[in-house]
Amino acid sequence: MAAPSAIFRWRQRLVLFLLLAVTVMLAIGPAAVRSAPSPSEKMAVRANILDLLANETKLPLPVRQRLHSLTWYYGENGGDLLWIGTGRATDMIARLRAAHDDGLDPSAYPADQLAKLSTVVEDTGERSKAIIELHFSAAFLEYASDLQVGRFLPRKTDPNFFLQEKTIDQSAALARLAGTVGVDDFFVGWQPKTPEYVALREALAEYRAIAQAGGWPSVPLGGTLKPGMNDPRVLALRARLAVTDRALAEVPPESEMIYGDDLVAVVMAFQARHGLDIDGIVGRATIVALNVPVEVRVRELIVAMERWRWMPDDLGSHYVIVNIAGFELKRVQQGKIEEEMAVVVGKPYHRTPVFSDAIRYLEINPYWNVPISIALKEELPKLRRNPAARSSAGFEAVQRGQVYPLTAIDWSRYGSGNFPFQLRQRP
């Protein structure tokens, strides 16, 4: 659901519009047949647009927020009308109403208000047409921004996100739309193009369909289920996975309760998708993941799509990506995974930060230089108790370039504000 403040803002914008468009009469009955304005009418509407942008002090907030780009497109660029008499308005309204397909919230956008304006556009003068044109352009730019760079700022969401905040070129978006026949054609090329984002969008549609059909059955908890075992829960396991994994084949009735190879393969695929140990063994962690409601999975997909919008538009032809939640690293070249390996990530109280940057150099078998906060909070108490144990774990102390054995230091003398060593762990 949209926040009440978002709904209020759009209602407030509609009121501002009504104050401006005093000549607009709400049509009763079906919308009038749309006809393309004549060249002279277009010129008159554009003249009113430029006058509104230059002189009107009560423009609605969405228009004022995008004043520079709108002025460039309709003025300096001499751009043609995008909505009045073009047929795009109907497509734009439909796109906003189907914003959930993009993992966005339809109630956050003024589709209903724009639909009302669209029904009366034929019965208004050039100035009201100009206002309606600007309303549609502002809504288009808001949706284009949300779709490409996200609705929320990464650092406002999580202080451990060190991703460069993205913005869209609004002027370029308007010019690009002018050269595109359909609104949907524009947005297909505008949204993130990474295979991961495309897969998430497809999965979102699939999981929403599953939710509308009633979700999936649960698998009862119990002892660990291993390949080859005979267990009545196999029926529930098969029924659950049949909803999301269509690779399951028909099985003879006599083997229905046997955890056979075909089902093991599907379980392993499920485990891989959810960051579990890929062993085909159905233990507690796998059953818990199987029993997560589809509505929760839908929300997770929406969050994942938003986070992909924060990522750079182009990761390059050769890049490394770390899935922190999955403890894995992938090296990708020309769209193909060339290498995979397990990685160690931070604990909840020392979380691994999220960032994106260019790799400038690689260090093979590096020391781990312990951050001072971890050295004081985690390592120092251990050093006071048993420095030999930390030495056996590969740690050593460095001061002014010289390495000291941990057992040669009286660690009770040091603490916060008095810690002259750099702790490091050998490769």
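## Exercises on salt bridges and a buried threonine

At 39% relative accessibility, Arg426 comes out as partly exposed (buried is under 20% relative accessible area, exposed over 50%, partly exposed in between, with a 1.4 Å probe and protein chains only). Keep in mind that this is a predicted model, where local features need pLDDT of at least 70, side-chain atom pairs count only at pLDDT 80 or more, and totals for chains, interfaces and linings use all residues. Residues are numbered from 1 along each chain as its sequence is written, and side-chain values use heavy atoms, with hydrogens and water left out.

**Exercise 1.** Work out which parts of the chain are tied together by the salt bridge between Arg426 and Glu396.

*Solution.* Start with the rule: a salt bridge needs a side-chain nitrogen of Lys or Arg within 4 Å of a carboxyl oxygen of Asp or Glu. The side chains of Arg426 and Glu396 pass, at 3.2 Å from N to O. Next, place the partners: Glu396 sits in strand β7 and Arg426 in the segment after β9, so the pair ties together parts 30 residues apart in sequence. (Strands are DSSP runs of E, at least two residues; helices are runs of H or I, at least four; both are numbered from the N terminus.)

Now look for another arginine on Glu396: Arg424 also bridges to it, at 2.7 Å from N to O. That pair links strand β9 (residues 422-425), home of Arg424, to strand β7 (residues 395-399), home of Glu396, 28 residues apart. Finally, check burial: Arg424 is buried at 18%, and Glu396 is buried at 9%.

**Exercise 2.** Find the salt-bridge partner of Arg95 and say whether Arg95 is buried or exposed.

*Solution.* The partner is Asp102, with the closest N and O atoms 3.0 Å apart. Arg95 is buried, at 10% relative accessible area, and Asp102 is buried too, at 0%. Then widen the view: Arg95, Asp102, Asp184 and Arg201 form a network of salt bridges. For the whole model, the count is 17 salt bridges.

**Exercise 3.** Describe the surroundings of Thr244 in helix α12.

*Solution.* First, locate Thr244: helix α12 covers residues 233-244. Second, check exposure: Thr244 is buried, with a relative accessible area of 10%. Third, list its contacts (heavy atoms within 4.5 Å): setting aside neighbours within four places in sequence, Thr244 touches Glu206, Tyr207, Ile210, Trp216 and Arg273. Last, add the polar contact of 3.1 Å between the side chains of Thr244 and Arg240. (That term means a pair of N or O atoms within 3.5 Å; within protein, one must be able to donate a hydrogen and the other to accept it, and residues adjacent in sequence count only if both atoms are side-chain atoms.)
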